[in-house]
Structure formats: structure tokens, C-alpha cells
2 protein chains.
Amino acid sequence: MFININLESAEPIYIQLEHQIIEGIAKGKLSPGDPLPSVRSLASDIGINLHTVNKVYQLLKQGGYIVIHRQKGVVINPDGPPKADEEYKQNLIASIHPLIAASICRGMDEEAFLRICKEVFNEFTEEGEKK
Amino acid sequence: MFININLESAEPIYIQLEHQIIEGIAKGKLSPGDPLPSVRSLASDIGINLHTVNKVYQLLKQGGYIVIHRQKGVVINPDGPPKADEEYKQNLIASIHPLIAASICRGMDEEAFLRICKEVFNEFTEEGEKK
DNA sequence: TATCTGTTATAGTTAGAATATAACAGATAG
DNA sequence: CTATCTGTTATATTCTAACTATAACAGATA
């Protein structure tokens with residue numbers, strides 16, 4: 001796997017892991033139908049507890065990113081994650097809100113902020129091409 | 001004050017308070033030089049502990065949003081917060097990164113994401129006009 | 001039968017968040 | 001001078017989240 005956990009980070013391990021798997025999907029490193037390691041193997045792989053991995057899998061399942069076949073294993077949702085609905089967008093706005101407020105305070109205008117967003121988008125679409 | 005804390009939220013009180021003050025600055029409700037309540041009065045105002053308020057003031061001071069005159073009180077930084085530097089932008093990118101990854105997974109394209117950002121920006125610039 | 005899967009249960013440690021109470025030093029108003 | 005305000009520091013406690021550890025269970029598979 002491409003997982004890289006920073007145990008010193010203030011960001012909880014399970015959040016780091018969740019983000020990296022979601023980013024793996026966004027970049028096309030993980031495609032619908034692809035298998036994910038078992039909770040035990042992934043846990044020993046990155047040197048953490050299996051419960052932490054299980055927690056992440058539950059969150060990803062809840063988010064529609066993965067499907068869990070009880071005794072088969074974990075698979076990236078063959079249908080892909082559900083499309084962004086109104087609830088998702090509201091949460092997204094709530095997350096972006098404080099970032100934009102701080103950026104405005106620090107003298108960034110809309111254009112500068114959007115440029116940064118575009119850069120991040122390019123990072124994903126470019127790496128999607130590579131594969 | 002315009003502060004509104006949700007004690008039931010999973011988001012820590014001190015984060016909520018910090019965000020709301022920063023948003024107050026971004027919207028022009030708080031202008032450079034404006035005084036902020038003392039840690040004790042604001043704490044009793046919103047029904048929380050003075051140490052929680054003090055923690056927020058320390059964070060805001062560290063971020064350059066406010067200036068603390070030991071026995072006078074707390075004031076919005078007369079020079080305004082420092083401009084966004086490279087470090088700030090890197091942190092901003094790190095914060096936006098997982099949001100964009102999740103949005104891509106959920107079928108949002110760059111245009112849809114930028115539109116939401118623009119909406120949030122309008123919320124600030126519009127309210128800035130009101131004042 | 002042995003081994004793998006996710007799942008559940010229980011218990012422990014550690015750290016962060018929030019509160020409570022108290023005290024200190026400098027400034028200010030009476 | 002005294003009383004009161006300011007931010008600041010210290011100490012202690014409570015509660016929860018995050019993480020780990022060990023064990024067991026049920027279903028599937030080789």
C-alpha cells in the first residue's frame with residue numbers, strides 16, 4: 001500500500017488513514033472493485049492496532065467509499081462513492097467557511113484562493129492521467 | 001458580542017470561539033483597533049470558563065489577529081493580521097486537500113467546487129458592505 | 001481441521017478539552 | 001491607600017477521544 005502514517009502528527013492516525021485512502025480513490029490509485037487489505041494485515045503493515053484500521057473501514061463504509069463482505073474482505077465500492085448531495089455540500093461549506101474567513105483576514109482575495117484550489121485540483125487530475 | 005457557542009457540538013468550544021472571532025474580523029464586525037471583552041466577562045457572557053477564553057486569546061495573539069496590552073485589555077490588531085505567507089498557504093493547501101479529494105470522489109468537478117467557494121466568499125464580501 | 005475474514009467485548013493507557021479555585025503583578029478609579 | 005479591574009500562572013479534577021491489548025465469536029475457505 002501507499003499508506004504513510006505520521007505517528008508524531010497532532011492529526012489522529014485514523015483521520016490520516018481515512019484521508020489517504022480517500023485520496024487514493026480520488027487519484028485513481030484505487031479503483032472501484034479493487035480489494036483493500038484485511039484489518040489485521042494493514043494494521044501490522046503500518047504498525048498500528050487493528051481496531052484503528054477497523055474504525056477507519058467503518059467510517060469509509062458509512063461514507064459509501066467501500067463495501068465490506070463479511071468473510072470475503074473489503075472492496076472499493078464498485079458503484080463508486082455516492083454523488084455529493086445537499087447534506088454533503090452543507091458540510092463542505094461548513095468546512096471551507098473558517099478557511100476562507102482566515103484567508104480574507106490575511107489579505108487573500110477570491111482570485112488568490114481559487115488559484116490555490118485549482119492547483120490542488122490539478123494535482124489530482126494530473127496523477128489520474130499517469131495511471 | 002455576536003458569539004454563539006454550541007456546547008453539544010463535537011467541535012471544541014475553543015475552536016468555535018476562535019473561528020467566530022476570525023469570521024467577525026473577516027466580515028468587518030470587528031475592525032482593527034476594536035476592543036475585545038476581558039477573558040472574565042466574555043467567559044461569563046457565553047457561560048464558559050475563563051481559561052477557555054484565555055486559550056483562544058493566546059491562539060489569536062499567536063496568529064497576529066489581536067494584541068494584548070497586559071493591563072489595558074485585548075484589541076484587534078491595529079495593523080490587521082499579517083499577510084498570508086508561504087507557510088500559511090502550505091497549511092491552507094493541507095487543509096483543503098482532503099476536502100477536494102472527497103469532493104472528487106463524490107463526482108464534483110472543479111467548477112462545482114469553485115462555485116461553492118465563490119458563494120462562501122460572497123457571504124463575507126456582502127456582509128462587509130452592510131456595515 | 002486449520003486458517004482467514006470482519007465483528008464484538010472488555011480493559012487499560014495516554015492526551016486533550018473544559019472546569020474550578022486560587023493567587024500574583026501591574027494598572028486604574030475612588 | 002484601597003478596591004477593583006486586567007492578563008497570567010499554577011494546581012487539581014473531571015470527562016471524553018484516541019489508541020492499544022487480548023480475547024473470543026461466527027462464517028467462509030483451503
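The following paragraphs lead the reader through a predicted model in which two protein chains, A and B, meet each other and DNA strands C and D.

Some conventions come first. Residues are numbered from 1 along each chain as its sequence is written, while chains are lettered from A and ligands numbered from 1 in the order in which they are written. Because the model is predicted, local features need pLDDT of at least 70, side-chain atom pairs count only at pLDDT 80 or more, and totals for chains, interfaces and linings use all residues; side-chain values use heavy atoms, with hydrogens and water left out.

Chain A is a suitable place to begin. Chain A contains five helices and three strands; these elements are DSSP runs numbered from the N terminus, helices being H or I runs of at least four residues and strands being E runs of at least two. Read along the sequence, their order is α-β-α-α-β-β-α-α. Along the principal axes, the C-alpha atoms of chain A fill a box of roughly 50 × 35 × 30 Å. Chain A has 131 residues, and 44% of them count as buried. Here buried means under 20% relative accessible area, exposed means over 50%, and partly exposed lies in between, with a 1.4 Å probe and protein chains only. Contact means heavy atoms within 4.5 Å. Among contacts in chain A between residues at least 6 apart in sequence, 47% join residues at least 24 apart.

The next topic is the interface between the two protein chains. Chain A contributes 41 residues to the contact, and chain B contributes 41 residues. The size of an interface is often given as the accessible area lost when the parts come together. Buried area, in this sense, is the accessible area (1.4 Å probe) that two parts lose on being put together, summed over both. Between chain A and chain B it is about 4,300 Å², and carbon and sulfur atoms give 75% of it. On the side of chain A, the residues that lose the most area to chain B are A:Cys105, A:Arg106 and A:Phe121, which together make up 19% of what that side buries.

How many salt bridges does the rule find across the interface of chain A and chain B? The rule, which asks for a side-chain nitrogen of Lys or Arg within 4 Å of a carboxyl oxygen of Asp or Glu, finds zero. There are, however, twelve residue pairs in polar contact between the two chains, both residues being at pLDDT 80 or more. A polar contact is a pair of N or O atoms within 3.5 Å; within protein, one must be able to donate a hydrogen and the other to accept it, and residues adjacent in sequence count only if both atoms are side-chain atoms. Helices H1 (13-26), H4 (86-105) and H5 (110-130) of chain A each supply at least two residues of the side that touches chain B. The largest share, 15 residues, comes from H4(A). By class, this side of chain A has 26 nonpolar, seven polar and eight charged residues. Nonpolar covers Ala, Val, Leu, Ile, Met, Phe, Trp, Tyr, Cys and Pro, charged covers Asp, Glu, Lys and Arg, and the others, Gly among them, are polar.

One residue of helix H4 of chain A, A:Ser103, merits attention. A:Ser103 counts as buried because its relative accessible area is 0%. A polar atom of its side chain lies 2.8 Å from the backbone oxygen of A:Leu99. Leaving aside neighbours within four places in sequence, A:Ser103 is in contact with A:Met108 and A:Phe113, and also with B:Tyr88 and B:Leu92.

The DNA strands remain. DNA strand C is surrounded by 21 residues, the closest being A:Gln58, A:Arg70, B:Ile13, B:Tyr14 and B:His51; a residue is near a strand if one of its heavy atoms lies within 4 Å of it. Sugar and phosphate account for 61% of the atoms of DNA strand C that come within 4 Å of the protein. The side chain of A:Ser38 places an N or O atom 3.0 Å from a phosphate oxygen of DNA strand C, whereas a polar side-chain atom of B:His51 lies 3.1 Å from a base oxygen of that strand. H3(A) gives the most to the surface near DNA strand C, with four residues.

DNA strand D is likewise surrounded by 21 residues, the closest being A:Ile13, A:His51, B:His51, B:Gln58 and B:Arg70. For this strand, sugar and phosphate account for 59% of the atoms within 4 Å of the protein. A polar backbone atom of A:Asn49 lies 3.1 Å from a phosphate oxygen of DNA strand D. H3(B) gives the most to the surface near DNA strand D, with four residues.
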